[in-house]
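Here is a walk through one protein chain, from a pair of cysteines outward to the whole fold and back to single residues. Keep the sequence and the model side by side as you read.

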Amino acid sequence: MIHDTHAFDDILQQARQLGALPMAVAHPCSRESLLGAVEAADNGIATPILVAPQARLQKLADELEIDIRRFECIDVEHSHAAASRAVQLTRDGYADILMKGSLHTDEFMSAALARDTGIRTDRRISHVWVMKVESYPRYLFITDAAVNIEPDLITKRDICQNAIDLTHALGIPCPKVAILAAVETINPDMRSTLDAAALCKMADRGQITGAILDGPLAFDNAISKEAAESKGIVSPVAGDPDILLVPDLEAGNMLGKQLTYLAQAASAGIVMGARVPMVLTSRADDASGRLASSAIASLLAHQKRRQGGRP
């Protein structure tokens with residue numbers, strides 16, 4: 001699906017101004033994954049290090065008429081070795097960004113999260129979709145729609161904080177977080193409503209920082225001030241959220257894809273919570289989405305450098 005190529009212009013401009021950082025690309029052996037790395041390089045956002053079986057990579061590059069001699073290429077035997085080597089490059093500080101190529105997501109994440117050789121931290125990793133919907137005045141951040149299937153309360157805390165940290169890196173100092181459920185009242189039989197209430201109290205007690213939280217909120221009164229007012233909801237978040245925290249992966253995945261295919265939203269995505277930002281490219285991503293994902297990762301990586309290293 002082709003979206004507005006100018007949707008992420010402000011993010012791309014910021015990333016270009018800050019300059020390219022090294023990005024380890026694990027097994028870019030498909031058209032989409034190799035183009036994602038090349039586009040980031042051509043736009044001055046990242047300097048790719050291509051980790052893949054050299055013969056296979058060269059064959060693909062020839063088919064696409066791409067000169068990969070301008071990139072550092074590391075020859076490995078197979079996709080599993082590519083994932084391990086790319087992760088090692090980021091763990092050793094040789095690369096600031098990690099990008100998934102054409103290998104399976106489970107294989108990629110297994111290498112990234114390996115206890116002794118990966119780049120995990122004490123925080124749970126999570127995926128954030130950055131979406132630009134024409135009918136909404138600014139970016140919407142939807143999380144988690146790709147990594148945590150049925151997150152418990154503590155995992156949701158990390159998912160929430162990861163998204164908040166991302167918005168900070170993109171220049172939003174105090175985002176508003178709408179914690180979604182099917183209803184806006186507490187129902188003991190609906191865990192999502194109990195988790196939402198607990199997350200709000202955790203923010204009050206400093207266990208989640210840097211944002212204004214409210215929930216549970218149904219999607220209509222989260223996104224529409226009129227809908228919230230019709231229910232008598234008084235909230236600084238309702239009708240004006242930056243972040244939509246979904247109850248589980250299925251809800252987030254459906255919401256994101258509905259916005260993409262029914263509302264023609266442009267989207268980019270990033271995985272947070274590891275030592276370095278991770279870009280997960282998809283065959284369904286168009287060029288603007290791939291490029292925006294790399295730009296977001298670059299902004300995060302620059303922020304980590306300014307803060308004196310990785311978490």
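Start at Cys73. Its sulfur lies 10 Å from the closest cysteine sulfur, that of Cys29, which is too far for a bond. A disulfide here means a pair of cysteine sulfur atoms within 2.5 Å. Cys73 counts as partly exposed because its relative accessibility is 25%. The scale runs as follows: buried is under 20% relative accessible area, exposed is over 50%, and partly exposed is in between, with a 1.4 Å probe and protein chains only. Cys200 tells a similar story about bonding. Its closest cysteine sulfur, in Cys160, is 8.7 Å away, too far for a bond. Cys200 is buried, at 13% relative accessibility. Across the whole structure the search finds zero disulfides.

A word on what is being read. This is a predicted model, in which local features need pLDDT of at least 70, side-chain atom pairs count only at pLDDT 80 or more, and totals for chains, interfaces and linings use all residues. Residues are numbered from 1 along each chain as its sequence is written, and side-chain values use heavy atoms, with hydrogens and water left out.

Now the whole chain. It holds eleven helices and eleven strands. These are DSSP runs numbered from the N terminus: helices are H or I with at least four residues, strands are E with at least two. The C-alpha atoms fill a box of roughly 65 × 40 × 35 Å along the principal axes. The radius of gyration is 19 Å, which agrees with the value near 19 Å for a compact globule of 311 residues. That radius is taken over C-alpha atoms, and the globule rule is 2.2 Å times the number of residues to the power 0.38.

Of the 311 residues, 54% count as buried. Contacts reach far along the sequence. Among those between residues at least 6 apart, 72% join residues at least 24 apart. Contact means heavy atoms within 4.5 Å. The accessible surface comes to about 13,700 Å², and 49% of that belongs to carbon and sulfur atoms. These areas come from the Shrake-Rupley method with a 1.4 Å probe; for residues, only the protein chains shown count as cover. The chain carries 31 positive and 39 negative charges, and their mean positions are 4 Å apart. Lys and Arg count as positive, Asp and Glu as negative, while His and the chain ends are not counted. Each charge is placed at NZ of Lys, CZ of Arg, CG of Asp or CD of Glu.

Next, strand E8, residues 212-217, which contains Pro216. Gly215 sits in strand E8 too. What kind of peptide bond joins Gly215 and Pro216? A cis one, with omega about 5°. Gly215 is buried, with a relative accessible area of 13%. Pro216 is buried at 5% relative accessibility. Leaving out residues up to four places away in sequence, Gly215 touches Ile179, Ala196, Ala197 and Cys200. The last of these links back to the buried cysteine met above. With the same kind of neighbours set aside, the contacts of Pro216 include Ile179, Val183, Thr193, Ala196 and Ala197. Pro216 and Asp204 are twelve residues apart along the chain, and their C-alpha atoms are separated by 15 Å.

A second cis bond runs from Thr143 to Asp144, with omega near -5°. Asp144 lies in the loop between strand E6 (140-143) and helix H6 (153-169). Both residues touch His127, whose contacts beyond four places in sequence also include Ala146, Val147, Gly269 and Ile270. His127 belongs to strand E5 (residues 126-132). Its relative accessibility is 7%, so His127 counts as buried.

Two backbone angles deserve a look. His27 has phi near 60°, a positive value in a residue other than glycine. His27 lies in the loop between strand E1 (21-26) and helix H2 (31-42). It is buried, at 5% relative accessibility. Gln264 also has a positive phi, near 55°, and is not glycine. Its place is the loop between helix H10 (249-262) and strand E10 (266-272).

End at Ala95, in the loop between helix H4 (79-91) and strand E4 (97-100). Is Ala95 buried or exposed? Buried, because its relative accessibility is 0%. Ser84 is eleven residues from Ala95 in sequence and 13 Å away, C-alpha to C-alpha.
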